[in-house]
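Biologist: Could we go through this model together? I should like to begin with how its helices pack.

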Amino acid sequence: MRTRLYDDVQLSVAPMMEWTDRECRVFHRHLSRKALLYTEMVAAAAVVHGDRERLLGFSDIEHPLACQLGGSDPDELARAARIVADFGYDEVNLNVGCPSDRVQSGRFGACLMREPELVAECVAAMKAVVDIPVTVKCRIGVDDQDPEPALDAMADRLVAVGVDALWVHARKAWLKGLSPKENRDIPPLDYDRVYRLKQRLPDLYIGINGGIATLAAAEAHLAHVDGVMLGRAAYHDPWQLARVDSRLHGLPDPAEDRHAVIEAFRPYMRERLAAGLRVNQIARHMLGLFHGVPGARGWRRRMTVDAVAPGAGIEVLDGALAEIARAGAAMERGPEPVSA
């Protein structure tokens with residue numbers, strides 16, 4: 001049975017290590033009020049034993065917001081999930097898809113595709129202690145697994161313990177022979193495998209992830225599954241998120257243009273700079289905002305180079321915007337006349 005959160009989720013931004021921190025998420029929220037946002041993956045052990053405010057702190061504007069946990073110990077995951085729920089997150093998600101060596105050594109991530117019973121035990125333990133949705137993000141298989149029985153085995157066991165949603169990255173993960181970066185591109189995509197899973201389990205919310213580059217492509221997938229998760233495309237070309245609310249939900253979009261997004265985000269940027277963050281820690285998430293727009297190269301240069309200068313402040317943003325304005329003015333003037 002679906003929870004109220006998943007009655008309204010059509011698009012989410014994938015959890016991405018070193019990318020989807022709180023600054024990134026607040027920036028993305030100014031582009032879409034409806035997209036479900038995810039934290040970076042956080043180890044359950046770190047949540048239980050570490051600096052919880054540093055690991056889990058977020059701003060109220062980020063809702064709806066999910067926290068992704070990594071781990072394989074049911075008791076530890078249950079304790080972490082309870083902490084996540086008490087922090088005010090809208091969902092807790094278990095990572096069964098990350099292929100990195102570090103994750104494998106801790107017996108969590110994609111290697112858990114081989115242990116569907118353990119994953120189900122973990123989900124059951126988490127659901128027993130929280131009222132928010134408990135979801136899983138997985139691959140279609142790992143290494144030499146056949147994706148047909150492997151994905152079915154995982155999904156069936158999760159359904160049996162009441163998982164609230166399953167997000168499927170439509171590639172295998174090759175834990176031997178490919179790096180984490182290569183695992184994002186080299187294993188072939190198999191969207192049809194995810195579609196077949198949805199056809200077989202119509203009552204389970206199933207979202208699809210992997211290689212989806214545009215909002216138009218996301219809309220095409222929504223004819224077959226319940227939700228679409230954008231990853232690198234949303235990060236490198238974030239303006240795509242600015243039309244999610246109108247195109248997928250029939251609601252007004254938060255901002256008419258990119259400049260409106262920046263002005264809405266500016267107070268938060270000032271607040272975080274006053275709290276001790278450096279400009280580049282915030283600016284790096286905004287580099288792709290003017291993707292494909294005249295002046296985008298100058299924008300990126302100023303937001304990258306000027307942001308790391310000693311004493312850099314909010315004026316970096318204004319200098320970068322000046323690059324866009326100059327390029328726009330040059331386009332309006334047209335080419336300089338050539339003398340005979």
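Modeller: Certainly. Please keep in mind that this is a predicted model. A good starting point is the contact in which Pro-116, Glu-117, Val-119, Ala-120 and Val-123 of α6 meet Ala-153, Met-154, Arg-157 and Leu-158 of α7.

Biologist: What classes of residue make up the contact of α6 with α7?

Modeller: That contact has seven nonpolar residues, two charged residues and no polar ones.

Biologist: And at what angle do α6 and α7 pack?

Modeller: Helix α6, residues 116-127, packs against α7 at an angle of about 30°, and their axes are 9 Å apart. Angles under 35 degrees count as roughly parallel, and α6 and α7 are therefore roughly parallel to each other.

Biologist: Is their crossing left-handed or right-handed?

Modeller: The crossing of α6 and α7 is right-handed.

Biologist: Let us stay with α7. How do its axis and that of α9 cross?

Modeller: The axes of α7, residues 147-160, and α9, residues 191-200, come within 11 Å and cross at roughly 45°. That angle makes α7 oblique to α9. The crossing of these two helices, α7 and α9, is right-handed.

Biologist: Which residues make that contact between α7 and α9?

Modeller: From α7 there are Pro-147, Glu-148, Leu-151, Asp-152, Ala-155 and Asp-156, and from α9 there are Arg-193, Arg-196, Leu-197 and Arg-200. By class, the contact of α7 with α9 divides into six charged residues, four nonpolar residues and no polar ones.

Biologist: Now another pair. How do α1 and α13 cross?

Modeller: Helix α1 covers residues 22-29 and helix α13 covers residues 258-274; their axes come within 9 Å and cross at roughly 155°. Angles over 145 degrees count as roughly antiparallel, so α1 and α13 are roughly antiparallel to each other. In this case α1 passes α13 in a right-handed crossing.

Biologist: Which residues of α1 and α13 meet?

Modeller: In α1 they are Arg-22, Glu-23, Val-26 and Phe-27, and they meet Val-261, Phe-265, Tyr-268 and Arg-272 in α13. This contact of α1 with α13 has five nonpolar residues, three charged residues and no polar ones.

Biologist: Let us turn to pockets. What is the volume of the largest pocket?

Modeller: The largest pocket has a volume of about 760 Å³. It is lined by 30 residues, and the closest to its centre are Pro-15, Met-16, Met-17, His-169 and Arg-184.

Biologist: Which elements give two or more residues to that lining?

Modeller: They are β6 (134-142), β7 (165-173) and α11 (232-236). Strand β6 gives the largest share, three residues.

Biologist: How does the lining of the largest pocket divide by class?

Modeller: The lining has 13 nonpolar, nine polar and eight charged residues.

Biologist: And how much space lies in the second largest pocket?

Modeller: About 480 Å³ of space lies in the second largest pocket. Its lining consists of 22 residues, and those nearest its centre are Asp-21, Arg-22, Glu-40, Arg-54 and Leu-55. Arg-22 has already appeared in our discussion, as one of the α1 residues in the contact with α13.

Biologist: Which elements give two or more residues to the lining of this second pocket?

Modeller: Those elements are α1 and α3 (52-56). The largest share, four residues, comes from α3. By class, the lining of the second largest pocket divides into ten charged, eight nonpolar and four polar residues.

Biologist: One last topic, the backbone. Which residues does a cis peptide bond join?

Modeller: A cis peptide bond joins His-63 and Pro-64, with omega at about -5°. Pro-64 lies in the loop between α3 and β4 (65-70).

Biologist: What is the phi of Glu-18?

Modeller: Glu-18 has a positive phi of about 70°, although it is not a glycine.

Biologist: Where is Glu-18 found?

Modeller: Glu-18 is found in the loop between β1 (11-13) and α1.

Definitions and conventions. Residues numbered from 1 in each chain as written. Predicted model: local features only at pLDDT ≥ 70, side-chain atom pairs only at ≥ 80, totals over all residues. Heavy atoms only, no water. Axes fitted to C-alpha atoms, helices over the stretch in contact; angles between N-to-C directions. Parallel < 35°, antiparallel > 145°, perpendicular 65-115°, else oblique. Left-handed = near helix turned anticlockwise from the far one by under 90°. Contact = heavy atoms within 4.5 Å. Nonpolar A, V, L, I, M, F, W, Y, C, P; charged D, E, K, R; others polar. 1 Å grid on protein atoms, 1.4 Å probe; cavity = no way out; pocket = protein on both sides within 12 Å on 5 of 7 lines; lining within 4 Å. Points joined across faces, edges and corners; volume = space filled by probe spheres on them.
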